[in-house]
Amino acid sequence: MKKFGLISVVLMAMMVAGVNILTGSEVQAADKVYNMKIQSAYPRGDVSMELLKNFAESAKKRSKGQLVISVFADPELVPGEQLFEATKKGTLDMLHALGAMWGGIVPVGEIEFGLPYAWKTKDAKKAFPEAAAELRSFFYKDGFVDLLRAEYGKQGLYWLDMHSYGPIFTLSTKPVKTCDDLKGKKFRMEGAWSDYYNMMGARGTNLPGAEAYMALKLGTLDASQWDVSCIVGLKWHEVAPYWLRGTDPENCIGHILVNQKSWEGLPPDVKEALKGAAEDYWNELIKVHIEELKDVDKLVKEGKVKESWIDQACQAKHAEAAHKLWDEIGKRDPAAAKAVALIKKWRGAK
């Protein structure tokens, strides 16, 4: 009996120890902190870069302190053009940029950012936030996100979420109303937009955005493209006051990409926290752009920004050139072809 009782005591002690070990491991997993680094392709002062601190705060709150994200601007850890490779290798956990920057590696990224007329709604009266919500719905409900995740996944990156930089602004040193006004003019553009303006008779160039103000002032450039911060932050309108209207899309799109191993190393609940923080970031940036667009409207009323409406005949030529460009980019690879097909179906384009 004594021997049996001793064995029972030992077994009970082992069971208690086992429970303690398991409980301890569970607590340890729940308390583990995941430190991550994200760098933007944009410098400090850019609103989308600055709002990444809100993204980090949301991730920490949603994960109950388990996600701690350090935010960096261009070029604090690596030059902007090296973000893709640095995140792929794991030097960074995440990057904040736009797909057109990696279009040579992932052709569908050019389409993700927004080809001419692709993210331009048919309803000219539709306000920016409604157009943005409609576009986000297309990304998530029509299969575009699945396509993007598959293509970036081939590069060892997880496509986390999208964000809008608001409408594309094209500011010119002189008014543009007809297609003749475009001929021979030097336009600084993003990605395939340079090809687009070449098709329209202008001369597209990819001069760095930081050099645009002085280039416009000196006449090296006649026009330059950016988001709303080209007015509210970079003050290009001081040297290029004409805002080209009639062909401008309501949105241009950026993304947050995560190193695949960093993503897979997160528990399911922490992954959901990071996804939630990215959606919070989308909503936060939309709110900021709404206020910035109000500032632009005020500058228009004051005559400091002058709307230059392109006539209907030239708008039709813009649309024709845009659809030709879609088809050309769609030939780059099967994913690009599928992306263009999705957009055509969504827009009802032929």
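Two strands are taken to pair if DSSP finds at least two bridges between them. On this basis, Q39 has L95 in β3 as its bridge partner. The contact belongs to a parallel pairing, in which three bridges join strand β1 (residues 34-40) to strand β3 (residues 94-97). The model described here is predicted.

The protein contains 14 helices and 11 strands. Of its 350 residues, 50% count as buried. The accessible surface comes to about 16700 Å². Carbon and sulfur atoms contribute 56% of that surface. Among contacts with a separation of 6 or more, 77% link residues 24 or more positions apart.

Strands β1 and β3 belong to an open sheet of five strands. The order is β2-β1-β3-β10-β4, and the pairing is mixed. Strands β2 (67-72) and β4 stand at the edges; each has a single partner strand, so one side of each lacks a neighbour in the sheet. From one strand to the next, the twist averages 20°.

Strand β4 covers residues 157-164. Is this strand mostly covered or exposed? It is mostly covered, with eight of its eight residues buried. Its partner is strand β10 (residues 253-259), and the two run antiparallel. Seven bridges join them. Within this pairing, W159 stands opposite L257 in β10. In general, strands of a sheet pair through backbone hydrogen bonds, either parallel or antiparallel.

Two helices pack across this five-stranded sheet. Helix α3 (residues 52-62) lies across β1, β2, β3, β4 and β10. Its direction is at about 170° to β2. Helix α6 (residues 128-141) lies across β4 and β10. Helix α6 runs at about 160° to β4. Strands β4 and β10 thus have both α3 and α6 lying across them.

A further open sheet holds six strands, in the order β7-β6-β8-β5-β9-β11. Its pairing is also mixed. The edge strands are β7 (203-205) and β11 (306-309), each pairing on one side only. Neighbouring strands are turned by 30° against each other on average, direction ignored. At the β7 edge, strand β6 (residues 186-188) and β7 run parallel. Three bridges join these two strands. One bridge partner pair is R188 with T205 in β7.

Note on methods:
Residues numbered from 1 in each chain as written. Predicted model: local features only at pLDDT ≥ 70, side-chain atom pairs only at ≥ 80, totals over all residues. Heavy atoms only, no water. Helix = DSSP H or I, 4+ residues; strand = E, 2+ residues; numbered from the N terminus. Buried < 20%, exposed > 50% of the residue type's maximum accessible area, 1.4 Å probe, protein only. Contact = heavy atoms within 4.5 Å. Areas by Shrake-Rupley, 256 points an atom, 1.4 Å probe, with all protein chains shown as cover. Axes fitted to C-alpha atoms, helices over the stretch in contact; angles between N-to-C directions.
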